[in-house]
Amino acid sequence: WPWGKLILDHLEMTGPVKQTLLETNEANVIREAALKNGMVPMRRYGLGLVRDGITTLDEVLQATDYYA
């Protein structure tokens, strides 16, 4: 991207995640199922970018403030 690095959640629709979505619409339950099945949260992904020298901690905290 010409304007910077994207930080985003990526949710792979595995069997357990699909089943959870069919059973509930509660965000915290869906998020927990996703985390158990390999989802990397935005803030954790962003901290890896900080570690690798790609972005700054301030940028990650600003971009992920809603998800903290």
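These are my notebook entries on a predicted model of one protein chain.

**Entry 1: confidence**

I first looked up the confidence of the prediction. The mean pLDDT of the chain is 85, and 82% of the residues reach 70 or more. I then compared the elements of the chain. Helix α1 has the highest mean pLDDT, 93, and α4 has the lowest, 90.

**Entry 2: overall make-up**

I asked which elements the chain contains, and in what order. The order from the N terminus is α-α-α-α, and the count is 4 helices and 0 strands. Of the 68 residues in the chain, 25% are buried. I recorded an accessible surface of about 5,300 Å² for the chain, with 54% of that area belonging to carbon and sulfur atoms. I also looked up how far apart in sequence the contacting residues lie. Taking contacts between residues at least 6 apart in sequence, I found that 42% join residues at least 24 apart.

**Entry 3: the two sides of α3**

I turned to helix α3, which spans residues 42-51. Which residues of α3 are buried? I listed Met42, Gly46, Gly48 and Leu49. These residues lie on the same side of α3, because they cover an arc of only 150 degrees around the axis. The general background is that an α-helix has 3.6 residues a turn, so residues three or four places apart point the same way.

I next asked what the buried residues of α3 pack against. Their partner is α4, residues 57-63. On the face of α3 turned away from the buried side, I found the exposed residues Arg44 and Arg51. I noted Gly53 after α3, with a positive phi near 80 degrees.

**Entry 4: Gly46**

I examined Gly46 separately, as a residue of helix α3. Its relative accessible area is 0%; the cut-off for buried is under 20%, so Gly46 counts as buried. I also looked up its distance to Leu57. The two residues are 11 apart in sequence, and their C-alpha atoms are 8.1 Å apart in space.

**Entry 5: the salt bridge**

How many salt bridges does a search of the whole structure find? I recorded 1 salt bridge. The side chains of Arg51 and Asp52 meet in a salt bridge, at 3.2 Å from N to O. In general terms, side chains of opposite charge can pair when their charged atoms come close. I checked the accessibility of Arg51 as well. Its relative accessibility is 64%, and Arg51 therefore counts as exposed.

**Entry 6: Thr20 in α1**

I looked up Thr20, which is placed in helix α1. Is Thr20 buried or exposed? Its relative accessibility is 13%, so I entered Thr20 as buried. Leaving aside residues up to four places away in sequence, I found that Thr20 touches Val29, Ile30 and Ala33.

**Entry 7: a nonpolar patch**

I finally asked which residues form a nonpolar patch on the surface. The members are Leu11, Met13 and Leu21, and together they have about 230 Å² of accessible area. I followed up Met13, which is found in the segment before α1, residues 15-23 being the helix. Met13 counts as partly exposed because its relative accessibility is 39%, which lies between the cut-offs of 20% and 50%.

Notes: Residues are numbered from 1 along each chain as its sequence is written. Side-chain values use heavy atoms; hydrogens and water are left out. Patches are made of residues with over 30% relative accessible area and no salt bridge: like charges are joined within 9 Å, nonpolar side chains (Val, Leu, Ile, Met, Phe, Trp, Tyr) within 5 Å. Accessible areas come from the Shrake-Rupley method with a 1.4 Å probe; for residues, only the protein chains shown count as cover. A salt bridge is a side-chain nitrogen of Lys or Arg within 4 Å of a carboxyl oxygen of Asp or Glu. Helices (H or I, at least four residues) and strands (E, at least two) are DSSP runs, numbered from the N terminus. Buried means under 20% relative accessible area, exposed over 50%, partly exposed in between (1.4 Å probe, protein chains only). Contact means heavy atoms within 4.5 Å. The arc is that of the directions from the helix axis to the C-beta atoms. pLDDT is the predictor's confidence in each residue, from 0 to 100.
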